[in-house]
Amino acid sequence: LTAQRDRDFRLRRAIATQPCSTSGAQRETVASLCLATGPASSALSAVVWGDSTGESWGPLVQAWAAERQARAAVFSISGCPPLLGIRSPLHAHCEFADDAWKERLITELRPSLIVLTARWGAYVNEPPPGYRGLAHRITTSEDDPPTLASSRDAIALRLPATLERLTQIAPVIVVLAPPDLVRNPFAALPRQLEFRPTLEAHREAQRLVEGVVRK
C-alpha cells in the first residue's frame, strides 16, 4: 500500500490534469476551465463532469480521446456533485462553479456524450466514524444552511432536473459510486481491522441515489 501510494503521487505529478479541476483560490480560472483536448473538428466528443472523483478519470479520458482522435474534457470540482442549481456554503468553491459556465462550456463543446460521476453517498449519508473533514452537504436554498436532509432533497430534486437539461445536449451516462472504505487502510492493516464495506452496507449507502438514478 505504501508503494502504491507513492506511485500514485508520482503519477499525479506526471499526468497533466490541469486546467481540469478547481478549488477555492482558483476562481479566476473558472471561465477558461478545461479547454478540450483533441481536434475541434472531431465528430466524436465527450465531457466528464464530477466532483473530485472526476479527476481520476482524466488519464482514461485523455487516452480515449487520443486513440479515437476525439475531443474530450473533464470538469472536476472537489466536494461539488455534478448537479445544476445547488449550493454548498461549506465548500465555497462550488459557488465558483456555477450553472452558467458548466452549461455554457458543455454546450460549446457540443459533446456526443456526457458522463456524470461523483462520490454520491458522501452527500446523502452520515460521515463514517473518525471522519475529520467537512461534511459534504448541499442545498437548493439561497437562505437555509445545508443539512443532511437538504442534501438528500437536493439530490432527489436536482439530479433529475440536471439529467433533463443535459439530455437536451447529448446522451448522459451516470456512473454510480464505488464502495467507500469504512476506515483508513494504513491505520487498519497493522491492527488487523477490516476496512472494506460489506456488499449489504455498500448497497444501503447507495440506495437513495441509485433509486433516483434508476427512476
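In this predicted model, the axes of helix α7 (residues 148–166) and helix α9 (residues 199–214) come within 10 Å and cross at roughly 20°. Angles under 35 degrees count as roughly parallel, and α7 is therefore described as roughly parallel to α9. The crossing in which α7 passes α9 is right-handed. On the α7 side, the contact is made by Arg152, Ile155, Ala156, Leu159 and Pro160, and these meet Leu208, Val209, Val212 and Val213 of α9. Sorted by class, the contact of α7 with α9 has eight nonpolar residues, one charged residue and no polar ones.

The end of the chain offers a natural next stop. Lys215 sits in the segment after α9. Is Lys215 buried or exposed? Its relative accessibility is 89%, and residues over 50% count as exposed, so Lys215 belongs to the exposed group. Lys215 can also be placed relative to α7, through Pro160, one of the α7 residues in the contact with α9. Lys215 and Pro160 are 55 residues apart in sequence, while their C-alpha atoms are 8.7 Å apart in space.

Attention now turns to Arg137, which is found in the loop between α6 (121–124) and α7. Charged residues can be placed in various settings, and it is worth asking: is Arg137 buried or exposed? With a relative accessible area of 7%, Arg137 is buried, because the cut-off for that label is under 20%. A polar atom of the Arg137 side chain lies 3.2 Å from the backbone oxygen of Asn125. Which residues does Arg137 touch, leaving aside those up to four places away in sequence? The list consists of Arg87, Ser88, Ala122, Tyr123, Asn125, Glu126, Pro127, Pro146, Thr147, Leu148 and Ser151. Asn125 thus appears both in this list of neighbours and as the residue whose backbone oxygen lies 3.2 Å from the side chain of Arg137.

Another buried residue is Ile77, which lies in strand β3. The relative accessible area of Ile77 is 1%, and Ile77 is counted as buried because this value is under 20%. Ile77 and Trp49 are 28 residues apart in sequence, and from C-alpha to C-alpha they are 8.4 Å apart in space.

Two glutamines deserve a look at their backbone angles. Gln69 has a phi near 50°, a positive value in a residue other than glycine. Gln69 is placed in the loop between α3 (58–68) and β3 (71–77), and its relative accessible area of 54% makes it exposed. Gln192 has a positive phi of about 55°, although Gln192 is not a glycine either. The loop between α8 (185–188) and α9 holds Gln192, which is exposed with a relative accessible area of 74%.

Finally, a view of the whole chain helps to place these details. How many helices and strands does the secondary structure of the chain come to? There are nine helices and five strands. Read from the N terminus on, the elements follow the order α-β-β-α-α-β-α-α-β-α-α-β-α-α. Of the 215 residues in the chain, 39% are buried. Among contacts in the chain with a separation of 6 or more, 73% are accounted for by residues 24 or more positions apart.

Note on methods. Residues are numbered from 1 along each chain as its sequence is written. This is a predicted model: local features need pLDDT of at least 70, side-chain atom pairs count only at pLDDT 80 or more; totals for chains, interfaces and linings use all residues. Side-chain values use heavy atoms; hydrogens and water are left out. Axes are lines fitted to C-alpha atoms, for helices over the stretch in contact, and angles run from 0 to 180 degrees between N-to-C directions. Helices (H or I, at least four residues) and strands (E, at least two) are DSSP runs, numbered from the N terminus. Angles under 35 degrees count as roughly parallel, over 145 as roughly antiparallel, 65 to 115 as roughly perpendicular and the rest as oblique. A crossing is left-handed if the near helix is turned anticlockwise from the far one by less than a right angle, and right-handed if clockwise. Contact means heavy atoms within 4.5 Å. Ala, Val, Leu, Ile, Met, Phe, Trp, Tyr, Cys and Pro count as nonpolar, Asp, Glu, Lys and Arg as charged, and the others, Gly among them, as polar. Buried means under 20% relative accessible area, exposed over 50%, partly exposed in between (1.4 Å probe, protein chains only). A polar contact is a pair of N or O atoms within 3.5 Å; within protein, one must be able to donate a hydrogen and the other to accept it, and residues adjacent in sequence count only if both atoms are side-chain atoms.
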